Amino acid sequence: MTDHTTHRAITVIGATGRTGRLVVAEGLSRGLAVTALVRDASRMPAHLPSHEPSHEPSHEHGPRVVAGDLDDPDAVRRSLDGSSAVVVAAGVRYRGRHPWSGIAGRRDVVPAAVRALCTHATPLTRVILLSAVGAAESWRELPAPVRWLIASSSLRVSYAGLTEAERLLTASGLPHTVVRAVRLTDGPPTGAEVDATGRPLRGNPRVARADLARMLVDLALAGPGPGWVTHRVAAAGAGG
Ligand SMILES: NC(=O)c1ccc[n+]([C@@H]2O[C@H](COP(=O)([O-])OP(=O)(O)OC[C@H]3O[C@@H](n4cnc5c(N)ncnc54)[C@H](OP(=O)(O)O)[C@@H]3O)[C@@H](O)[C@H]2O)c1
């Protein structure tokens, strides 16, 4: 184990993504040792997003960056070294901004991340998987027009991957929490409480990635408890 090791050390997979980089920043701002497993280190921003009023980075030290593919056992092992929790915030890359744009690169990125953890994580490593409302049996919770949009577009690849990743994680025996989020939005934290009660959602619920990142880090620090919980996550007040 390396000396960055503390019980307050986490690894983030998908750390260059819009949610992942906020998870990294949130972890660092709380004084955690954060390791980012990335496929391309140059995509890791030099200055992580900060929502401090000064617009200065809120932390002195960046993450430890391990560059490597999810199929590279050495990189995965090094990225997990010393961490007691992993946040998986990876997702497929789309060719463009619209739902029919097609997928750029690997279609099974989230299952691949979970497979790597099943192989290399220790039995005490807590895994927090960012998934979506609509994955697995929660598909029926989506309004019919949304189901149609997903099923007829490239988005179905994401939902199929998240469903498979949830299945693999549930079967893994690793302590884990699956966080099924509603539609994610960018921008600063709203300060709104994140509703993880799992109550039915109506309308067009959303949650800010920045608020979600705070919750993901809370879960990563929650200790080795059973954690077999699936949250349905939205900004408080978003449901009916
Ligand atoms: N958009 C929504 O409203 C919504 C709602 C609920 C849940 N979700 C889910 O939340 C997750 C995160 O979403 P996001 O929008 O924050 O993600 P994002 O910005 O699209 O970032 C995706 C991350 O996955 C990484 N990645 C992609 N392909 C990879 C590969 N082959 N190997 C290793 N890493 C790879 C990317 O790395 P590179 O930078 O190297 O490409 C990036 O770090 C996704 O699973 C998404 O489906 C999204």
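## A buried arginine

Let's start with arginine 21, which sits in helix α1, a stretch covering residues 20–29. Is this residue buried or exposed? Arginine 21 has 23 C-beta neighbours inside 10 Å, so it counts as buried. The cut-off for that label is 20 or more. Bear in mind that this is a predicted model.

Arginine 21 also shows how a chain can fold back on itself. Proline 45 is 24 residues away from arginine 21 in sequence, yet their C-alpha atoms are 8.2 Å apart in space.

## The whole protein

Zooming out, you'll find 6 helices and 12 strands in the protein. It has 240 residues, and 42% of them are buried.

Now take the contacts between residues at least 6 apart in sequence: 75% of these join residues at least 24 apart.

## Strand β4 and its partners

Have a look at strand β4, residues 85–88. Which way do its residues point? Ala85 and Val87 go one way, Val86 and Val88 go the other, and all of them are buried. That fits a general pattern: in a regular strand, side chains alternate between the two faces of the sheet.

Strand β4 pairs with β1 (residues 9–13) in the parallel sense, over 4 bridges. In that pairing, isoleucine 10 stands opposite alanine 85. Strand β4 also pairs with β7, again in the parallel sense and over 4 bridges. Here valine 86 of β4 faces valine 127 of β7.

## The nonpolar core

The largest nonpolar core holds 66 residues, and Val88, Ala113 and Leu216 have the most contacts inside it. Which helix gives the most to this core? That's α6 (residues 209–220), with 8 residues. As a rule, nonpolar side chains in soluble globular proteins tend to be buried together.

Val88 ties this back to the strands, as it belongs to β4. Ala113 is worth a closer look too. Setting aside its neighbours within four places in sequence, alanine 113 is in contact with Ile13, Leu70, Val88 and Ala90.

## Around the ligand

What surrounds the ligand? There are 25 residues around it, and those that come nearest are Thr16, Gly17, Thr19, Gly91 and Ala132. Four elements each give two or more residues to this shell: helices α3 (109–120) and α5 (155–172), plus strands β7 (126–132) and β9 (183–185). So you meet β7 again here, after seeing it paired with β4.

The shell is a mix of classes, with 10 nonpolar, 8 polar and 7 charged residues.

Key
Residues are numbered from 1 along each chain as its sequence is written. This is a predicted model: local features need pLDDT of at least 70, side-chain atom pairs count only at pLDDT 80 or more; totals for chains, interfaces and linings use all residues. A residue is buried if 20 or more other C-beta atoms lie within 10 Å of its own, exposed if 12 or fewer, and partly exposed in between; C-beta atoms are placed from the backbone. Two residues are in contact if their C-beta atoms, placed from the backbone, lie within 7 Å. A residue is near a molecule or strand if its C-beta atom, placed from the backbone, lies within 6 Å of it. Ala, Val, Leu, Ile, Met, Phe, Trp, Tyr, Cys and Pro count as nonpolar, Asp, Glu, Lys and Arg as charged, and the others, Gly among them, as polar. Two strands pair if DSSP finds at least two bridges between them. A nonpolar core is a set of buried Ala, Val, Leu, Ile, Met, Phe, Trp, Tyr and Cys residues joined through C-beta atoms within 7 Å.
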